[in-house]
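Me: I have a structure open and would like to learn how to read strand pairing, burial and salt bridges from it. Could you take me through these features one at a time?

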Amino acid sequence: DQLNNTWELADPSPWISAKYFGKYWKDHVTYHYYKTDKILENPSLAWNLNITKGDVVQVADSFLGFLGDAEHTMYITDYQNNTYILTYHSNETQAKSLLDICRAYPNQYLIFYEMI
């Protein structure tokens with residue numbers, strides 16, 4: 001309904017907002033979430049998920065210790081040394097490891113969507 005045969009999008013929209021992208025897809029696909037410090041302690045939490053290239057990972061804030069709204073959207077584009085490699089538009093990042101992203105976002109959540 002958002003597109004409705006037109007190029008005009010509502011603002012906010014799940015296609016231009018990480019927050020609304022997350023709200024939309026949480027109702028449509030399987031997802032998992034972990035705090036970044038837990039992934040750093042045990043990388044297999046993420047590595048053993050049923051996700052693959054093309055799937056989406058979002059950074060979400062922690063609101064009173066619980067999963068908050070998504071703030072940033074990334075795509076899995078590769079694998080290296082038992083971790084995912086992510087690509088995203090911020091700073092034109094084409095290949096950053098999931099573990100480096102966990103270090104860059106301490107005390108936040110990562111949401112993993114099984115898109116494919």
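**Strands, cover and charged pairs**

Reply: Start with one pair of residues across two strands: Asp78 stands opposite Ile85 in β4. Keep in mind that the model is predicted.

Me: How many bridges join β3 to β4, and in which direction do the strands run?

Reply: Strand β3 covers residues 66-80, and five bridges join β3 to β4. The two strands run antiparallel.

Me: What should I look for in the hairpin of β3 and β4?

Reply: Look at the link and at its backbone angles. Two residues lie between the strands of this hairpin, and Asn81 takes a positive phi near 50°.

Me: Which strand pairs with β4 besides that, and how many bridges are there?

Reply: Strand β5, residues 93-97, is joined to β4 by three bridges, and the pair runs antiparallel. Here Leu86 stands opposite Lys96 in β5. β4 and β5 also form a hairpin, with four residues between them. In that turn, Asn91 has a positive phi of about 55°.

Me: Is strand β4 mostly covered or mostly open?

Reply: A general point comes before the count. In a regular strand, side chains alternate between the two faces of the sheet. As for β4, which spans residues 83-88, the strand is mostly covered, with five of its six residues buried. For the protein as a whole, 37% of the 116 residues count as buried.

Me: Now the charged pairs. How many salt bridges does the count come to?

Reply: The idea is to look for a side-chain nitrogen of Lys or Arg within 4 Å of a carboxyl oxygen of Asp or Glu. By this rule there are four salt bridges. One of them joins the side chains of Asp78 and Lys53, at 3.9 Å from N to O. Asp78 lies in strand β3 and Lys53 in the loop between α3 and β2, so this salt bridge ties together parts that are 25 residues apart in sequence.

Me: Are Asp78 and Lys53 buried or exposed?

Reply: Neither label fits. Asp78 is partly exposed at a relative accessible area of 35%, and Lys53 is partly exposed at 40%.

Me: Where else does β3 take part in a salt bridge?

Reply: Asp69 and Lys19 meet through their side chains in a salt bridge of 3.8 Å, N to O. This pair links distant parts of the chain: Asp69 is in strand β3, Lys19 is in helix α1 (residues 18-26), and they are 50 residues apart. Asp69 is partly exposed, with a relative accessible area of 34%. Lys19 also counts as partly exposed, at 32%.

Me: What is the separation of Lys38 and Glu41 in helix α2?

Reply: Lys38 forms a salt bridge with Glu41, and their closest N and O atoms are 3.9 Å apart. Both sit in helix α2 (residues 36-41); because they are three residues apart there, about one helical turn separates them. Lys38 counts as partly exposed at 43% relative accessibility, whereas Glu41 counts as exposed at 58%.

Me: What do the totals say about the whole protein?

Reply: Read the element order, then the contacts, then the surface. The protein has four helices and six strands, in the order α-β-α-α-β-β-β-β-α-β from the N terminus on. Among contacts between residues at least 6 apart in sequence, 56% join residues at least 24 apart. The protein exposes about 7200 Å², and carbon and sulfur atoms supply 47% of that area.

Technical notes:
Residues numbered from 1 in each chain as written. Predicted model: local features only at pLDDT ≥ 70, side-chain atom pairs only at ≥ 80, totals over all residues. Heavy atoms only, no water. Buried < 20%, exposed > 50% of the residue type's maximum accessible area, 1.4 Å probe, protein only. Pairing = 2+ DSSP bridges. Contact = heavy atoms within 4.5 Å. Areas by Shrake-Rupley, 256 points an atom, 1.4 Å probe, with all protein chains shown as cover.
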